Amino acid sequence: MKRALVVAALCVPAGLAAQAPPPVLDSAAIGDVRARALGPAVTSGRIAAIDGVADNPRVLYVGSAGGGVWKSSNGGATFTPIFDEYPMSIGAVTVDQNKPETVWVGTGEAWTRNSVSIGKGVYKSTDAGRNWTAMGLTDTEHIAAIAVRPRRSDTVYTCAVGHLWNSNDERGVFKTTDGGKTWKKVLFVNADTGCADIEIDPQEPDVMYAAMWQVRRLPYFFTSGGPGSGLYKSTDGGEHWKKMTTGLPDGDLGRIAIAIAPSRPGTLYALVESRDTRLYRSDDAGESWKPTGEGKAPLGIRVRPFYFANIVVDPTDHTRLYNPSLFLSLSTNGGRSFEAVSLGGGVHGDLHALWINPKDPYTLVLGTDGGVYVSRDRGTSWTHAATLPVAQLYHVAYDMQRPYRVYAGLQDNGSWSAPSRAIAGTSVRNGDWTNIGVGDGFNAFPDPRDPSIVYSEYQGAQVRRYHLQTGEIKDIRPRAGAGEPPLRFNWNAAFTPSALDPSALYLGGQYVFRSRDRGDSWQRLSPDLTTNDPEKQRQRESGGLTKDNSTAENHCTIVTIAPSPLDSQVIWAGTDDGNVQITRDGGKTWTNVVANVGGVPTHTWVSGIEPGRHQKGTAFVTFDGHRTGDMKTYLYATDDFGRTWRPLTGAGLEGYLHVVRQDLVSPSLLFAGSEGGLFVSLDAGAHWARLTGGLPAVPVYDMTIHPRDHDLILATHGRGVQIVDDLTPLRHMTAEMLAKNAAILPSRPAVQSIPATLQDFPGDAEFAGANPPEGAVITYYLKQRHLFGKLTLDVLDAGGKVVKSLPAGTRQGINRVYWNMRLDAPKSAAAPGLGARALVGPMVAEGRYTVRLTSDDDVVTGTVDLMADPLAPHPAADRQLRQTLVMQLYGMQNDLAYLGDATASLRDEANARGAALKDKAAQGDLRRALDTLAGDADKLNDSLVDRSGGLLEADPKLRERAIDLYGAVMSYGGRPTVSQQDFGAVLAGELKAARGRFAELSGPTLQRVNDLLTKAGETPIALPSAPARPGSDLRP
Amino acid sequence: GTNVWVINPMMGSDTAQEMTGPQADMAKSQADFDGDLVDYKTKGTTIDLIGQETIDGTKVYHLKVTRKNGTTRELFLDADTGIDVRTISTMEQNGQQATITSDLSNYQNVDGVMVPFSVKQSLNGTPIAQMTIDKVEFNVPIETSLFKLKQ
């Protein structure tokens, strides 16, 4: 391209670029209103797949159940997310060991628990995970494995479970020979059977094995196994397959895991689910099989095959087998017997992936329900990767402390609480999280009246009251009375405090229960609100070949209870079998209003109800049909207590929904959480846009709005707690505003807190949940990206004076610029020591400031409010005294900067002139005068500035002592100590004396020199001019 | 020039150090004031169109530039005006891949050339620098001695 062309292209009139998009919210317009990840990573989350690079085992790829793909380049010390633009649920990760820059990802986890997410096919990267291309098979939903043919990179096999909740045809084994451009289905049994495992013989890659699995989930039942299941072998690269039966059990089979011994590929192992699940071994390349042990198979082999079926053979020893399962067990005799591998006591159970370094079989990388662990001694001891924030949350709550804390329940990782921001340091770290409940955590929240009490629950409404000060836990679950039918509670039972009555707790079984004594007693507040269909109450029979009575299929239960925040008599309840119930008289009578909704298949799971925040007749309901294979988006609203409903599924909303929230301030501002992310509507559901800032398309299971801090707090099922700080700008976004070129938006008042210090050095191997950015947030909207001309952002005080100019953000949509509420740092005299405490300016006074955004043809203004820290106890007079002293010291430094630099300049100039004097003049008056000037300037300079090396060689002078006091007074928000005030006066006295000496130096002494210079025909020495700086009152 | 040197006061040094390796390559490529696109064939540079994308909603053309010395850079040109919106450079640093993203804006016409007066840089996604330029002058005489390695 020639330069002339470049310039011509730039001269396109602005009008062309400004073609007005319709004023509808989109992801770009939401802009910098971003989510920040808080964690927890202390527990991490479920890992579904792991692979490493054989030739560079520092490189690991980890596929998580709901939080995407993460890469480590350092053997697991740190991980980076590399797949955030794509589906977050991962079934398979496979490195092409022929070309390790090529990585394959199969989306849609294949450990098919009740809460499993779905994928959208196969993805491929050819640059080690930086860029990804979708490679099809989009309707497979769950992918168990991807295998690359050794030494032939373009031939790849995808082993797809297929749909879990209904029948479909895109499942089984798919083969590509063109690197994924086209796929051929090479093994298919029927529309209810998919592939659960595939293995290729590393030496004879035409030989391969596949496990076919018949599996089905329903909202109320699970079946693993059936006539479709079986073990298959191909000897022609997957073109034809033969079912292997010799030595395998008769009757229906379930999930099968296959493992080839890499050191002896004729030896294989197969973990085969059947009525008598056990491990089989073949020594003739799969032609015949024998059970490996006698009697009942070990627990690790037979427990929950749908969740754990997995066998890994040591790369160098064909008799050494690992069985990642409920726990890790090991056989050293080819599977005849297994023993538990020491997991050091602190390793999470429920294992799904194990990678063994082929070049160093002592290195194991284990994927569990609680994240990744690395062992360097074949499993005797383990290091937890504490950098993976892939927790799967069910619910989240807040309290009213400052900073507020969040409370969350996690899949298989209990319930946890943490501050929404750390007071010390800049991040919420793993150690800031407190465990407040066990099991699979769901709803967890503090007692509104007593912050030392926290409620939590685990599966099936095991509700608990936790006393934080003593650690005592009280089981407060209601139980059925004499002659009453058994109570039914969902896996994820509704459990919530009242919005209006701080003493009331609600719990959902088939009835709504209420407690007013912290769970010590419960009253039934309703009849059975469900369909009570006996056909859907067969949890004890659930599981298929392997019974799995975990409460995961408990059904005909209440899954959401929504007490109105406007009327204590109005309570909504939603059930997993499709009822939307409301009482308007505090529970005396209930009405099922779901028939009024229309458009939703009957018995569709009521995933969420949001009571109206502004009108008590209003409610919003989400339905979730994915458990019957219905992936549609259902969202409805009523304004008349459920008599009539209207759909709110406007353009832009995607995925099956878990939750909807109405903003507390702006009635038309809605938030919807779907399986594919967080969506925002400004117009009460007519249009939606996904919030993409900082938040991948991760399932959002729950959310809540903090009423004091105005944050939106998300429970994501794969990326832990996410906080969207300060919804104030979104509350002021309108279609009219979206049409403007630029507009300032309000933000919540900024708190002028003093940053706390934190002295510790944790290294890199720990996740850090970001604090909200410090300072005042200046928020504005730009209709399009600013590219041409100036764009300046100024902060002005009440008098209209610019106190700070900030670099303006230029992105399309909402920009957020953070101002640390400080003036520019003081000017500091040049010296070897850095004077770290002088690197920040003083905080400005609290109050209202004007912000002004100026472009070449537009000026928009708004305000930002700064307030004193409500946590700090300092009276206004003390804050004022401090501010005055800080500003004096600030000015003193500016003065000293001038004095220091000016004395150095005079000395150097005098010396230079002296050195340049010709011999004759060298002994004369001029020379003496110059020497006097240089000597006096140097002496004064030495009294002002530490000219030693700084740090340990320091010899503090006036500059350094002023910097030290400035930093000391600034680091506390209240009254300076008497000693500090006195010392300020001492320094002021010394500065005054120094000024006197400088006045002598720059006056008569310099004048004498300049007179002599002028006489000698030389130019006089100029006195450096003092720059105008805030706080400085020194003028030469 | 052929040699690169740097003074890094943040590392407590006030003397010049010779710079080598990928950082030196990057510095040398920055000395190509015309940019990668001008006379790219003569320079032995190849340019691939990765595709049309959006940056925060702004339509851009994504180009990959591969220079004669093998270093690469990605350019994102505003689809409406052709101006550089973003550049991404990737280099090895201490065995790890470092990706430097520069967002360019506030273009002003200086003697017929559009110059970005604002540059925001991030390293592996973390903001590291925000540069605001007050004044740009071209073809101002400069002493050759300025480029001499100062020991």
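Good morning. I begin with a hairpin: in chain A, three residues link strand S24(A) to strand S25(A). Strands here are DSSP runs of E with at least two residues, and helices are runs of H or I with at least four, both numbered from the N terminus.

Before going further, a word on the source: this is a predicted model, in which local features need pLDDT of at least 70 and side-chain atom pairs count only at pLDDT 80 or more, while totals for chains, interfaces and linings use all residues. Residues are numbered from 1 along each chain as its sequence is written, chains are lettered from A in the order in which they are written, and side-chain values use heavy atoms, without hydrogens and water.

To return to the hairpin, S24(A) covers residues 321-324 and S25(A) covers residues 328-331. The two run antiparallel and are joined by four bridges; two strands are said to pair if DSSP finds at least two bridges between them. Across this pairing, Pro324(A) is opposite Leu328(A). S24(A) also pairs with S23(A), residues 312-313, in the antiparallel sense over two bridges, and there Tyr322(A) is the bridge partner of Val312(A).

Which way do the side chains of S24(A) point? Leu321(A) and Asn323(A) point one way, Tyr322(A) and Pro324(A) the other, and all are buried, that is, under 20% relative accessible area with a 1.4 Å probe, counting protein chains only. In a regular strand, side chains alternate between the two faces of the sheet.

A second element of chain A is an open sheet of four strands, antiparallel, in the order S6-S7-S8-S9. S6 (90-95) and S9 (133-134) of chain A each have a single partner strand, so one side of each lacks a neighbour in the sheet. S9(A) pairs with S8(A), residues 122-125, over two bridges, with Thr133(A) as the bridge partner of Lys124(A).

For chain A as a whole, there are twelve helices and 68 strands. Of its 1036 residues, 59% count as buried. Its C-alpha atoms fill a box of roughly 120 × 75 × 65 Å along the principal axes.

Finally, the interface. Here 31 residues of chain B are in contact with 23 residues of chain A, contact meaning heavy atoms within 4.5 Å. The area buried between the chains is about 2400 Å², with 52% from carbon and sulfur atoms; buried area is the accessible area (1.4 Å probe) that two parts lose on being put together, summed over both. On the chain B side, Asp56(B), Thr81(B) and Asn106(B) lose the most area to chain A, together 22% of what that side buries. Thank you.

Technical notes
Buried means under 20% relative accessible area, exposed over 50%, partly exposed in between (1.4 Å probe, protein chains only).
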